[in-house]
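Please open the model in your viewer and keep the sequence panel beside it, as this tour moves from one selection to the next.

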Amino acid sequence: MTPITLDFSNMVEERLGTGGVDADRLGADLADRFRTAHEQVEASRRSGEMGFFDLPYDSEGLGHAQELAQRLEGRFENLVIIGIGGSALGARTLRDGLLGTLWNERSNEERAGRPRMYILDNVDPGAVLDLVEHLDLRRTLFNVVSKSGSTAETMALYLVIEGMLIGEVGTEKAGEHFVFTTDPEHGALRAIAESEGIESLSIPESVGGRFSVLSAVGLFPAALIGVDVAGLLAGAARADEYCRTPTLRENPAGLMATLLHTAHRESGASIHVMMPYSERLRSFSFWFQQLWAESLGKAHDLSGKIVHTGPTPLPAVGVTDQHAQVQLFIEGPRDKVVVFVAVTGAQRDLDIGTHRASMPTVGYLGGHTVGQLMEAERQATAEALRQSGRANMTLEIEGLDASTLGELLMLTSIATVYAGALYDVNPLDQPGVELGKQLTYGLLGREGYDPPARSDPDGRWRLTPG
Ligand code: PA5
């Protein structure tokens, strides 16, 4: 028995009615299609393109991250991660998922001397100033994370912070406040690390940003704040192991990808909602959003034909979104599948007092716990969706700890590359963001790049009232 169960009963026709998948197909055409997708992924894995599959077994990478975290233990009060996209979302997911969203609010004693962790993943100058004015830079370590070592946002923030640190502690000492996590050979960060002796960790060549959470990208900051990083990898290995099977009915990542892809292709459910019933997993839904969007939203299929395909991932969180988005999910267009994540098993919980037992409008709550209320609402929402003919499935996780979170991250990463094969796109590239990058370079005057041909703003199409 593994700690994760996929309940896909609300995806099958027998329970959902129209829009559900005929369960027999899971042993027939959908099983065949998945077998082909699985073989395609296994072939990419064998050819070394999908390095994230190897991360659970990369004891050297784990050792480097742990050793550096150990060496830096107790030296800094704050850790700031400078990175964007896949280079930032994973660390936030690990911090929130395993230490809670209020980790930074805890006292030094409560954190057992571990640093607070902040993430700078935007170049909004106000937000950058808000953070640096709040921190004692002398007590802060900056982990600059960039696979390419050249991302404009990350490099600009690095330069800003480096300038501030030079002013604060001097040129000699500024470098001691940085750890770079980057490509083993290429990019500006690697070059600076080598020429100036700055501490650095490597992201394996074949591991792209959004698949890198279980590399040094996530492991180093997680180890520094006291997460059981070996446990994370052990859980990830579990998911890898049970996803080796090409039998659809036995492969949860395969079922997740197949059912979401089929709902999109055959029932027009192009919006895939990730909705954990857990505040700690709110960040996970944003991590998943980036993974699903950047991997599957593509202009070309694998033969080069223009297809403009891909599902739209939508983050949500239970129960909060029951009072925001669920109305739309239940009564709006039938273009969504909701993937719930339920954390089961013993959790910290709170009794709801019975002291208002005589008041019928609240009395029924007494004698229950807040956790029971949350679980009842999750079950009720899944059932309400089903009764309204809206497809949904649930990933049930037995307790949230390093090992189960590692398993969840790996399972959903594997589902993503299966989905890539089913959508017939390359899940590892992101050519669509290139044009914007090049135009930005042009606007900033980088040599070899042209600014946009059109001059904006165009006064004909602007309105400033009054
Ligand atoms: O998933 C991806 O590949 C991207 O989101 C990258 O993580 C993001 O663009 C940042 O790239 P880099 O790590 O090279 O700075």
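Leaving aside its neighbours within four places in sequence, which residues is Val337 in contact with? The model you are looking at is predicted, and selecting Val337 in it brings you to strand β11, which runs over residues 336-344. Now add the partners of Val337 that are not within four places of it in sequence: Met11, Leu260, Ala263, Ala269, Ile271, His272, Val273, Ala391, Asn392 and Met393. With a relative accessible area of 0%, Val337 counts as buried because the cut-off for that word is under 20%.

Keep Val337 selected and add Leu350, then draw a line from C-alpha to C-alpha: the two residues are 13 residues apart in sequence, and the line spans 31 Å in space.

Next, move to the ligand. Select the residues that surround the ligand, of which there are 13, and pick out the closest, namely Ser87, Ser146, Ser148, Thr151 and Gln290.

From here, look at individual atom pairs. In the side chain of Ser87, a polar atom lies 2.7 Å from an oxygen atom of the ligand, while for Thr151 a polar side-chain atom is found 2.5 Å from a ligand oxygen. Select Glu294 as well, where an N or O atom of the side chain is 2.8 Å from an oxygen atom of the ligand. Taken on its own, the ligand has 380 Å² of accessible area, and the protein covers 87% of that area.

Finally, switch on a surface display and turn to the space that the ligand takes, which is the second largest pocket.

Definitions and conventions: Residues are numbered from 1 along each chain as its sequence is written. This is a predicted model: local features need pLDDT of at least 70, side-chain atom pairs count only at pLDDT 80 or more; totals for chains, interfaces and linings use all residues. Side-chain values use heavy atoms; hydrogens and water are left out. Helices (H or I, at least four residues) and strands (E, at least two) are DSSP runs, numbered from the N terminus. Buried means under 20% relative accessible area, exposed over 50%, partly exposed in between (1.4 Å probe, protein chains only). Contact means heavy atoms within 4.5 Å. A residue is near a molecule or strand if one of its heavy atoms lies within 4 Å of it. A polar contact is a pair of N or O atoms within 3.5 Å; within protein, one must be able to donate a hydrogen and the other to accept it, and residues adjacent in sequence count only if both atoms are side-chain atoms. Accessible areas come from the Shrake-Rupley method with a 1.4 Å probe; for residues, only the protein chains shown count as cover. On a 1 Å grid over the protein atoms alone, a cavity is a set of points where a 1.4 Å probe fits but cannot get out, and a pocket is an open set with protein on both sides within 12 Å along at least five of seven lines; lining residues have an atom within 4 Å of a point. A molecule sits in a cavity or pocket if more than half of its atoms lie within 2 Å of its grid points.
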